[in-house]
Amino acid sequence: MDEAVGDLKQALPCVAESQTVHVEVRQRGSSTAKTEDIKLSVRKLLNRHNIVFGDYTWTEFDEPFLTRNVQSVSIVDTELKAKGPQPINLSTCTVMMHIFQLNEDGPSSENLEEESESIIAANHWILPAVEFHGLWDSLVYDVEVKAHLLDYVMTTLLFSEKNVDSNLIAWNRVVLLHGPPGTGKTSLCKALAQKLTIRLSNRYRYGQLIEINSHSLFSKWFSESGKLVTKMFQKIQDLIDNKDALVFVLIDEVESLTAARNACRAGTEPSDAIRVVNAVLTQIDQIKR
């Protein structure tokens with residue numbers, strides 16, 4: 001049997017997978033050029049410079065059309081898994097082109113009404129946002145955490161798109177980053193959301209990032225905290241219902257929720273705190289389905 005399998009392997013043609021190279025094209029905010037026209041011009045640019053060394057960015061162009069409509073053309077993420085910059089022959093690679101325009105409106109606030117006052121419960125960005133441009137490249141780690149995160153999230157989105165049964169293949173739409181303060185966890189989440197919005201621009205028209213501050217979910221009024229959580233996630237669900245948008249929910253300082261739960265078990269925290277934690281966990285379970 002083993003010999004037959006070996007013979008079959010030798011008989012089958014060996015097809016080598018070509019390297020995939022991602023090219024991010026930043027379209028000028030004032031440009032109204034069609035995506036296909038930009039792709040055609042960028043393709044000509046890449047054909048003229050088909051050998052590059054690692055990540056590379058063009059900001060000046062010989063072609064007037066690119067000068068008028070394109071801010072930059074960048075070959076990106078070739079060094080995420082490589083030990084250093086490597087020569088790349090674009091003529092032998094599969095080129096994935098991502099054209100995007102940066103949103104310059106800045107963040108908006110999601111407010112929740114509580115008794116007679118308004119609480120800022122979250123910040124809301126339309127992606128890709130100018131505030132996060134270049135953030136992904138500025139984050140440097142001694143391990144391949146960016147590559148692993150990008151691969152994992154892209155895989156979960158693919159599984160979701162194909163309706164893969166999570167009972168057959170275990171996968172989760174929730175990513176938990178942990179580590180000492182100041183190591184860039186929040187920045188990495190924002191950069192990842194920006195990167196995925198650009199990567200999936202052919203599937204989603206834009207992205208939305210909602211950053212929730214855990215402390216804002218605790219009300220000074222007894223028994224009101226659970227209601228605040230429900231209101232917050234109802235707004236998020238409304239955003240998720242828009243199939244043209246890729247929605248990211250970032251819960252910062254989530255350890256404050258677990259601390260409240262542990263304190264409640266020890267009898268040092270009021271029962272309202274445990275209601276908040278349970279409400280948050282329940283709402284997360286609902287939106288990740």
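**Exercise 1. Find which residues of helix 5 are buried, and say what covers them.**

Step 1. Start with the list: in helix 5, the buried residues are Lys-146, Ala-147, Leu-149, Leu-150, Val-153 and Thr-156. Buried means under 20% relative accessible area, exposed means over 50%, and partly exposed is in between, using a 1.4 Å probe and protein chains only. Helices are DSSP runs of H or I with at least four residues, strands are runs of E with at least two, and both are numbered from the N terminus.

Step 2. Keep the ground rules in mind. This is a predicted model, where local features need pLDDT of at least 70 and side-chain atom pairs count only at pLDDT 80 or more, while totals for chains, interfaces and linings use all residues. Residues are numbered from 1 along each chain as its sequence is written, and side-chain values use heavy atoms, with hydrogens and water left out.

Step 3. Now look at the cover: helix 4 and helix 6 are among the elements over the buried residues of helix 5. Contact here means heavy atoms within 4.5 Å.

Step 4. Check the length. Helix 5 has 17 residues and reaches 24 Å from its first C-alpha to its last, close to the 24 Å expected at 1.5 Å a residue. The expected span is 1.5 Å times one less than the number of residues.

Step 5. Walk off the end: just after helix 5, Asn-163 takes a positive phi of about 55°.

**Exercise 2. Work out whether helix 6 is enclosed or open.**

Step 1. Count: eleven of the 15 residues of helix 6 are buried, so this helix is largely enclosed by the rest of the structure.

Step 2. Put names to some of them: Leu-188, Lys-190, Leu-192, Leu-196, Ile-198 and Arg-199 are among the buried ones.

Step 3. Test the geometry. Helix 6 covers residues 185-199, and at 1.5 Å a residue its 15 residues should span 21 Å; the end C-alpha atoms are 21 Å apart, which agrees.

**Exercise 3. Describe the second largest pocket.**

Step 1. Size it: about 490 Å³ of space lies in this pocket. On a 1 Å grid over the protein atoms alone, a pocket is an open set of points where a 1.4 Å probe fits, with protein on both sides within 12 Å along at least five of seven lines; lining residues have an atom within 4 Å of a point. The volume is the space filled by probe spheres set on the points, which are joined across faces, edges and corners.

Step 2. List the lining. It has 19 residues, and Thr-20, His-22, Leu-150, Asp-151 and Arg-199 lie nearest the centre.

Step 3. Assign elements: strand 1, strand 6 and helix 5 each supply at least two lining residues, with helix 5 giving the largest share, four residues.

**Exercise 4. Map the nonpolar cores.**

Step 1. The largest nonpolar core has 22 residues, and those with the most contacts inside it include Val-23, Ile-38, Trp-58 and Val-73. Such a core is a set of buried Ala, Val, Leu, Ile, Met, Phe, Trp, Tyr and Cys residues joined through side-chain atoms within 4.5 Å.

Step 2. Two or more residues come from each of strand 1, helix 2, helix 3, strand 4 and strand 6, and helix 2 gives the largest share, four residues.

Step 3. A second, separate core of 21 residues includes Leu-127, Val-153, Leu-246 and Phe-248.

**Exercise 5. Sort out the backbone oddities.**

Step 1. A bit of background: most residues other than glycine have a negative phi, and most peptide bonds are trans.

Step 2. The bond from Leu-127 to Pro-128 is cis, with omega near -5°; Pro-128 sits in the loop between strand 8 and helix 4.

Step 3. Asp-77 has a positive phi of about 60° although it is not a glycine. Its loop runs between strand 4 and strand 5, and at 13% relative accessibility Asp-77 counts as buried.

Step 4. Asn-163 is in the loop between helix 5 and helix 6. Unlike Asp-77, which is buried, Asn-163 is exposed, with a relative accessible area of 68%.
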